[in-house]
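Grab a pencil and work through a few exercises on a single protein chain. Try each task before you read its solution.

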Amino acid sequence: MLNTSNETRLPVHAQVLDWLARQQQAMQDLLQKVVNIESGSRNEAGVTAVAHALAERLQAAGVPVQFEPVPGYGVLLHAQVNPAEGTDTGGAPIILMGHMDTVFPDGTVAKRPYREEAGRAYGPGVADMKSGLVLNVFVAEALARCGGLKAPLHLFFSCDEEVGSPATRDLIMARVRGARAVFNAEPGRVSGNVVTSRKGSMVVEFEVQGVAAHAGINHAAGASAIDALARKTLALHALTDTATGITCNVGVVQGGIVPNMVAPHARAEVDLRFTADTNPDDLLERVRTIVEEESVPRTQGRITTTRRSLPMKPTPDYLLALYQQGARSLGFEVQGEFTGGAADSGLTASVGVPTLCATGPVGGHPHTEREYCELSTFVPRAQAVALAVLAHP
């Protein structure tokens, strides 16, 4: 315990709320520090630097931190706050989750570093989800200082979520299995709501081989891989079915060598989203049929890579109600909503752990240069998470 004499005269819940209410500037300072660290997926050094910046705050509050190396991606951050002696210190934990990687390439911070304007913070990853990481750190510190836990509280921050958690998905599911609950600090919706279910996602990379030929002298001898890719793109986009919740987007294309050559090669990356009612294996086979079809004579297509994120099954009513009860006591209303974005909360829900997502500060325009975090939501949403943790049976 790190209580001050003034804090100890208050009930535990009030101590936690009071301490967090005084942390607004400290939260913003830590947010600025981690946003200004480049930590795009696969930037091992950057992700590791973010982990150490967060750990420094936790360790100063007496919270032990461990790093688990993930070659090619950085580290996982593990931290634990135990309940008071005499309670269930070794029991099933409540887990505060997040990811330290962003979608932005190296050099983005130099172009548009952290800044604050009109009550909002801007910068790469400021909402998705460095503000959520900071919120979780301060919730853990508040509970370490003030106590009141009935069960262990774990922090678990991953390093490759933005590319589908290829290196950590099994680690995440193993780590959370049997937990009491997971609060995943993705950004709160623009509406202020939390997320109670999500789509799953699948990224498919494929390539098309064609036949090279001089585009002016011997055009008919060639077989354009770009032509074939364009036809496949139209067929793939036709898989979009709003009635069933399936969307398909060919978001990256590359191909050809020079303009006066019939393109011998092309490649693309496809993003698919789907609900828990969709069989992802069947969806992948539909994609494979399109990719492998000879859409232009003498061309061949093949899938080279696939990555999946699981849909997030609906949050149990009781867990949402715990969060809502705390929020209401703080003076704001919040509802649960469905979103098409995928997240690691799909992994935790898939192993049967009650999961609530988007418990971070409210933010908007993630994955763009307009991404922002509403700074006024930092403290109340941290308080709401803390109250939900304290109230959880």
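What follows is a set of exercises, each with a worked solution.

**Ground rules**

This is a predicted model, where local features need pLDDT of at least 70, side-chain atom pairs count only at pLDDT 80 or more, and totals for chains, interfaces and linings use all residues. Residues are numbered from 1 along each chain as its sequence is written, and side-chain values use heavy atoms, with hydrogens and water left out.

**Exercise 1. Size up the whole chain.**

Task: Work out how the radius of gyration of the chain sits against that of a compact globule.

Solution:
- Start with the rule: the radius of gyration is taken over C-alpha atoms, and the globule value is 2.2 Å times the number of residues to the power 0.38.
- Put in 393 residues and you get a value near 21 Å; the chain has 23 Å, so the two agree.
- For the outline, take the principal axes: the C-alpha atoms fill a box of roughly 90 × 45 × 35 Å.
- Now the elements: there are 12 helices and 18 strands, counted as DSSP runs numbered from the N terminus (helices are H or I, at least four residues; strands are E, at least two).

**Exercise 2. Cover, surface and charge.**

Task: Find what share of the residues is buried, and what the exposed area is made of.

Solution:
- Fix the cut-offs: buried means under 20% relative accessible area, exposed over 50%, and partly exposed in between, with a 1.4 Å probe and protein chains only.
- By that count, 55% of the 393 residues are buried.
- The chain exposes about 16,100 Å², with 52% of it supplied by carbon and sulfur atoms. The areas come from the Shrake-Rupley method with a 1.4 Å probe, and for residues only the protein chains shown count as cover.
- Next, contacts, meaning heavy atoms within 4.5 Å. Among those between residues at least 6 apart in sequence, 79% join residues at least 24 apart.
- Finally, the mean positions of the 33 positive and 40 negative charges are 1 Å apart. Lys and Arg count as positive, Asp and Glu as negative, while His and the chain ends are not counted; the charge is placed at NZ of Lys, CZ of Arg, CG of Asp or CD of Glu.

**Exercise 3. The cysteines.**

Task: Explain why Cys 373 has no bond to Cys 357.

Solution:
- A disulfide is a covalent bond between the sulfur atoms of two cysteines.
- The test used here asks for a pair of cysteine sulfur atoms within 2.5 Å.
- The closest cysteine sulfur to that of Cys 373 belongs to Cys 357, and it is 15 Å away, so it's too far for a bond.
- Searching the whole structure gives 0 disulfides.
- As for cover, Cys 373 is buried at 0% relative accessibility, and Cys 146 is buried too, at 2%.

**Exercise 4. Odd backbone angles.**

Task: Place the cis peptide bond and look at Ala 118 and Arg 298.

Solution:
- The cis bond joins Asp 128 and Met 129, with omega at about -10 degrees. Met 129 sits in helix 6, which covers residues 126-146.
- Ala 118 isn't a glycine, yet its phi is positive, about 55 degrees. You'll find Ala 118 in the loop between strand 4 (115-117) and strand 5 (120-122), exposed at 79% relative accessible area.
- Arg 298 also has a positive phi, near 75 degrees. Its loop runs between helix 9 (280-292) and strand 14 (300-309), and at 44% Arg 298 is partly exposed.

**Exercise 5. Who touches whom?**

Task: Leaving aside neighbours within four places in sequence, list what Gln 23 and Leu 135 are in contact with.

Solution:
- Gln 23 lies in the loop between helix 2 (12-21) and helix 3 (24-35) and is buried at 8%.
- The contacts of Gln 23 are Arg 57 and Phe 138. Phe 138 is 115 residues away along the chain, but the C-alpha atoms are separated by 8.2 Å.
- Leu 135 belongs to helix 6 and is buried at 0%.
- Leu 135 is in contact with Thr 359, Gly 360, Pro 361, Phe 378, Arg 381, Ala 382 and Val 385.
- For another pair, set Leu 135 against Ala 321: they are 186 residues apart in sequence and 20 Å apart C-alpha to C-alpha.
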